[in-house]
Amino acid sequence: MPTNNIGKGLHIACPSPEHPFTPAWTNPNNINLWVKRDDLLHPIISGNKWRKLRQALEQLPGSCDRIISFGGGYSNHIHALAFCCQKLGIPLHAIIRGDYSANPSPMLQDIQTWGSTIEYVNKLTYQQRHDPAYLQQLEQRYPDAVIIPEGGSQQQALAGMADMLGELTQTYDYILAPVASGGTLAGIIHGLTQTVDCQSTKVIGIGVLKGQGYLENLVSGLLPLSPCTNWHIEHDFHFGGYAKSTDALLQFCQDLNQQYQLPLEPVYSGKLFWAVRELLAKGIFPPNSKILLLHTGGLQGARKLVLPD
Ligand SMILES: *Cc1c(COP(=O)(O)O)cnc(C)c1O
């Protein structure tokens, strides 16, 4: 087990709660749902972003004078990282897709308050965020910086997701989580390979953007050679693309919040829970299966979204 001193310093509330969830949904196979509330790990640091950043922040070299990372204008990753950086006294240089300088989102306003510097880049430049040549230029500009990829999805993210599995109080037949940059799902899959549950627990990702093939490659690319193939991604629940939504989805999020005190946002967790409701109704899970839904947090990103009446 890691010492996790940084987490203590940041008052990360590990382990996060794990509780049964019994919505009044069509459930012909009598499936038992549980929720792992990583949204409650910290009031500001978004759940799965903490998990993914934990090891990278613990292993920063002493020479590190800055962290550089990438995200959109509402990025939960940039928000979480900027808060951690302020607490750790390390400047964050955030490379943001699109020019929000005239009208910064609540997320961008927060990170400016926390002392991050922001570099707005256009779509074309942003597309180079994984290119070795572009990254080399950044290294030349900032020789002692540590570069963390978009979403915090890198090899070091896997260990933090394993922390989440280590907190579980029982074994599950399925673990479900949303997928965008892939680190969360890869970490769950990899964490399971280190336990006997690799064979008995299946992992299902819910793609939150249009990315059949692409998302699978992101996840596989993060996995070390691993014998665990008990996973797949569902692609029917992206609602047209990343951060795309419908009134029905917004209403669903609001209803779950009101009926079950379960705060959801429509970009990630709303799509996950919606997918689960549909999959239960279809009866695709064997009778009496035990399913864990990972609530990955992300509520800050929804601050500006208008809910229907
Ligand atoms: C970033 C994020 C995800 C997606 O996780 P990936 O590791 O990028 O696939 C899911 N949920 C929330 C709340 C997020 O902020």
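A residue counts as near the ligand if one of its heavy atoms lies within 4 Å of it. The model shown here is predicted. With that cut-off in hand, start at the ligand.

The ligand has 16 residues around it. Lys49, Lys52, Ser181, Thr184 and Thr296 come nearest. By kind, the shell divides into four nonpolar, ten polar and two charged residues. Helix H2, strand E7 (174–179) and helix H8 (183–193) each supply at least two residues of this shell. The largest share comes from H2, with three residues.

Look next at the oxygen atoms of the ligand. A polar side-chain atom of Ser181 lies 2.5 Å from one oxygen atom of the ligand. For Thr184, a polar side-chain atom lies 2.7 Å from an oxygen atom of the ligand. Ala180 takes part through its backbone: an N or O atom there lies 2.7 Å from a ligand oxygen atom. How much of the ligand does the protein cover? On its own, the ligand has 380 Å² of accessible area, and the protein covers 98% of that.

Stay with H8 for a moment. Is this helix enclosed or open? Ten of its eleven residues are buried, so H8 is largely enclosed by the rest of the structure. The buried residues include Thr184, Leu185, Ile188, Ile189, His190 and Leu192. Glycines are among them too: Gly183, Gly187 and Gly191. Thr184 thus belongs to the buried part of H8, and Thr184 is also one of the residues that come nearest to the ligand.

Now move to the nonpolar cores. The largest one has 29 residues. Those with the most contacts inside it are Ile45, Trp50, Leu57, Ile67, Leu81, Leu92 and Ile111. Several elements build this core. Helix H2 (47–58), helix H3 (76–88), strand E4 (92–97), helix H4 (106–113) and strand E6 (145–148) each supply at least two residues. H3 gives the most, with seven residues. H2 therefore plays two parts in this picture: H2 supplies at least two residues of the core, given that elements are counted as DSSP runs, and H2 also supplies three residues of the ligand shell.

Leu81 is a good place to see the core at work. Which residues does Leu81 contact, leaving aside its neighbours within four places in sequence? They are Leu53, Leu57, Ile67, Ser69, Leu92 and Ile148. Leu57, Ile67 and Leu92 are also listed with Leu81 among the residues with the most contacts inside the core. Apart from this core lies another, of 27 residues. Among its members are Ile204, Phe237, Leu264 and Leu293.

Go back to H3 and look just before it. Ser75 is found in the loop between strand E3 (66–71) and H3. Is Ser75 buried or exposed? Its relative accessible area is 11%. Buried means under 20%, so Ser75 is buried. The side chain of Ser75 reaches the backbone nitrogen of Ile78 at 2.9 Å. Beyond its neighbours within four places in sequence, Ser75 is in contact with Met107 and Gln300.

Further along, Gln86 sits in helix H3. Gln86 is partly exposed, with a relative accessible area of 36%. Gln86 and Gly115 are 29 residues apart in sequence. In space, their C-alpha atoms are 6.8 Å apart.

Another loop brings distant parts of the sequence together. Asn29 lies between strand E1 (18–21) and strand E2 (32–37). Not counting residues up to four places away in sequence, Asn29 touches Gly283, Phe285, Pro286, Pro287 and Asn288. A polar atom of the Asn29 side chain lies 3.2 Å from the backbone oxygen of Gly283.

Finish with some details of the backbone. The loop between helix H1 (5–9) and E1 holds Pro15. A cis peptide bond joins Cys14 and Pro15, with omega about -10°. His11 is found in the loop between H1 and E1 as well. His11 has a positive phi of about 60°, although it is not a glycine. His11 is exposed, with a relative accessible area of 62%.

Gln261 has a positive phi too, of about 50°, and is not a glycine. Gln261 lies in the loop between helix H11 (247–260) and helix H12 (269–282). Its relative accessible area is 57%. Exposed means over 50%, so Gln261 is exposed.

Notes
Residues numbered from 1 in each chain as written. Predicted model: local features only at pLDDT ≥ 70, side-chain atom pairs only at ≥ 80, totals over all residues. Heavy atoms only, no water. Core = buried A, V, L, I, M, F, W, Y, C linked by side-chain atoms within 4.5 Å. Buried < 20%, exposed > 50% of the residue type's maximum accessible area, 1.4 Å probe, protein only. Helix = DSSP H or I, 4+ residues; strand = E, 2+ residues; numbered from the N terminus. Contact = heavy atoms within 4.5 Å. Polar contact = N/O pair within 3.5 Å; in protein donor to acceptor, adjacent residues only side chain to side chain. Areas by Shrake-Rupley, 256 points an atom, 1.4 Å probe, with all protein chains shown as cover. Nonpolar A, V, L, I, M, F, W, Y, C, P; charged D, E, K, R; others polar.
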